[in-house]
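Here is a short report on backbone geometry and ligand contacts. Begin with the backbone, then turn to the ligand.

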Amino acid sequence: MQNLNTNPGEGQSPRRIGFMGGTFDPIHHGHLVAAESVYDGFNLEQVVFIPAGMPAHKSQSFVTPSHHRLNMTTLAVKSNPHFSVSTVEVKREGPSYTIDTMRCFRACYGPEAELFFITGVDAVMQIPEWKNAEGLFEICRFIAATRPGYPTENFFRFRDRLSVRQRRGIRMLAIPALSISSSDLRERVRRGRSIKYLVPEVVEQYILEHGLYSGNGGRVRSRAPITF
Ligand code: ATP
Ligand code: MG
């Protein structure tokens, strides 16, 4: 991770840093557009992508080894000077809990910094089930990016059930709709279908070179045309 210069100079406003956690299996343009939209909309200084080492909410047997997910995330954000990647969860033993990660960042950036955790509207609704969710609301605020397939009414209904304190800590941001998911991308590769323009070209190359998701060492499968 770069640039952990913690304190703003005297008289300067507090630093505003975004964090985007995820499995990133693989990272795609939906993740990147969400992060860039929040960076832009909330006037952030940078966004740190945090690939989960051992995602606490996903079955281990189906998750790609963390070094590949880390490499793809690093390649995907390389061209953006205000994006960076943290290895904190990949290096930590055991399941990746956001509370441990954000405590670590709070310690790094100091008490004045404003920390924003970026999710999609699907993931934000799971936060109350995360380890020490109450503690997390003390450390950071949450920005939930809209996502096709996850109606905003569900998000508003979810938010209405939260305590006043938690409600104040969550904002929704409407972003350009990209109906892309990592599960769909994995399925496309498995079936030999194209993922071009859904992921950055460097990520597509990485997936092909390392034979990820295809189960056939990266060889292109013969594709049955869509019939009608
Ligand atoms: P999977 O299908 O394997 O769950 P995913 O595409 O949901 O993968 P994750 O790594 O689970 O990707 O998501 C990381 C974060 O990015 C989550 O907060 C998720 O809501 C958000 N996100 C993922 N895709 C999009 C998208 N297309 N638009 C907005 N947010 C997204
Ligand atoms: Mg997901």
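Y213 is buried at 15% relative accessibility; buried means under 20% relative accessible area (1.4 Å probe, protein chains only). Y213 sits in the segment after α10 (201-209). Its phi is positive, about 70°, although Y213 is not a glycine.

This is a predicted model: local features need pLDDT of at least 70, side-chain atom pairs count only at pLDDT 80 or more, and totals for chains, interfaces and linings use all residues. Residues are numbered from 1 along each chain as its sequence is written, chains are lettered from A and ligands numbered from 1 in the order in which they are written, and side-chain values use heavy atoms, without hydrogens and water.

F24 also has a positive phi, near 50°. F24 lies in the loop between β1 and α1 and is buried, with a relative accessible area of 2%. P26 lies in that loop, between β1 (16-22) and α1 (29-41). The peptide bond from D25 to P26 is cis, with omega near 0°. Most residues other than glycine have a negative phi, and most peptide bonds are trans.

Now the ligand. Around ligand 1 there are 21 residues, of which H28, H31, D122, S182 and S183 come nearest; a residue counts if one of its heavy atoms lies within 4 Å. Polar contacts are pairs of N or O atoms within 3.5 Å.

| Protein partner | Distance to an oxygen atom of ligand 1 |
|---|---|
| H28, side-chain N or O atom | 2.9 Å |
| G120, polar backbone atom | 2.9 Å |
| R186, polar side-chain atom | 3.2 Å |

Taken alone, ligand 1 exposes 600 Å², and the protein buries 90% of that (Shrake-Rupley method, 1.4 Å probe).

Notes
Helix = DSSP H or I, 4+ residues; strand = E, 2+ residues; numbered from the N terminus. Buried < 20%, exposed > 50% of the residue type's maximum accessible area, 1.4 Å probe, protein only. Polar contact = N/O pair within 3.5 Å; in protein donor to acceptor, adjacent residues only side chain to side chain.
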